[in-house]
Amino acid sequence: MGALQLHVFYLILLPTIASQVISKQGEWKSATATYTKQADASIITEGACGYGDLHKASYGKYSAGLSTMLFNKGSTCGACFEVRCVDHILWCLQGSPSVILTATDFCPPNYGLSSDYGGWCNFPKEHFEMSEAAFVEIAEKKAEIVPVQYKRVKCERRGGMRFSMSGSAHFFQVLITNVGLDGEVVGVKVKGSKTGWMPMARNWGQNWHSNINLVGQPLSFEVTASTGRTVASYSVAPANWQFGQTFEGKQFK
């Protein structure tokens, strides 16, 4: 099988394999973890999920980039993982303490390097690229890479879901953050005062868009999590909302 054929084969298999990898909460699975260095030891830059400044998005240092297998084409953005260092007496902290991380970015593969040395995020590896601040809560800072176990957990959030408006009159986009429950949004609908409920399309990460002009209308949003549960936030944005504003709605319980 040639390189191109193999790449296409992986893309076809990926959605099915990835959903099997991350579908079960409460079950520990094996992976690896490294950390990225930022000025304040946390991850603050905009990642592939579109959250922008992660401190403003309330994720801060407990954010992580996920390898292709876990990222699942961006649908895992916002999901929460409990991660602990295991099976390394030199690098893992005593007692194997854990941290709760939110998926906020994509860790791209580097096929120029071996998956065992540098190509940590190569398919089909399961890997977390953590902030330095979170990494040192489970392992020694001087460790280059550590073996970890992870499991999906419920996301504990303060306040309601946040809806950040952007785009234009003919390309309305909303970024959804601070999502509780499993944190993973799989469907969004929007409703104006002059429309019924309309499904929105995923643009990238947790940015959802509609080509309908909704300017001047109070807006309601219906958000569906991967568990199938749905929460509707009615008239969360007033009729005089502006692009660039963020509004708080209801939360999954």
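Start by selecting residues 230-237: this is strand 14, and Ser235 lies in it. Keep in mind as you look around that the model is predicted. Now check the backbone angles of Ser235: its phi is near 45°, a positive value in a residue other than glycine.

Next, go to Leu181, which sits in the loop between strand 8 (171-177) and strand 9 (185-191). Here, too, phi is positive, at about 60°, although Leu181 is not a glycine. Is Leu181 buried or exposed? Its relative accessibility is 13%, below the 20% cut-off, so Leu181 counts as buried.

From that loop, step back into strand 8 and colour its residues by accessibility. Six of the seven residues of strand 8 are buried, leaving the strand mostly covered.

Which strands pair with strand 8? Select strand 7 (residues 162-168) to see one of them: it runs antiparallel to strand 8, with seven bridges between the two. A hairpin of two residues makes the connection from strand 7 to strand 8. To find your bearings in this pairing, show Met165 and Val174, since these residues stand opposite each other, with Val174 in strand 8.

Now add strand 12 (residues 207-210), which pairs with strand 8 through four bridges, again in the antiparallel sense. A good pair to display here is Phe172 and Ser210, the latter in strand 12 and opposite Phe172.

For the last stop, move to the loop between strand 4 (98-106) and strand 5 (127-131), where you will find Pro124. Zoom in on the peptide bond leading from Phe123 to Pro124: this bond is cis, with omega near 5°.

Key
Residues numbered from 1 in each chain as written. Predicted model: local features only at pLDDT ≥ 70, side-chain atom pairs only at ≥ 80, totals over all residues. Heavy atoms only, no water. Buried < 20%, exposed > 50% of the residue type's maximum accessible area, 1.4 Å probe, protein only. Pairing = 2+ DSSP bridges.
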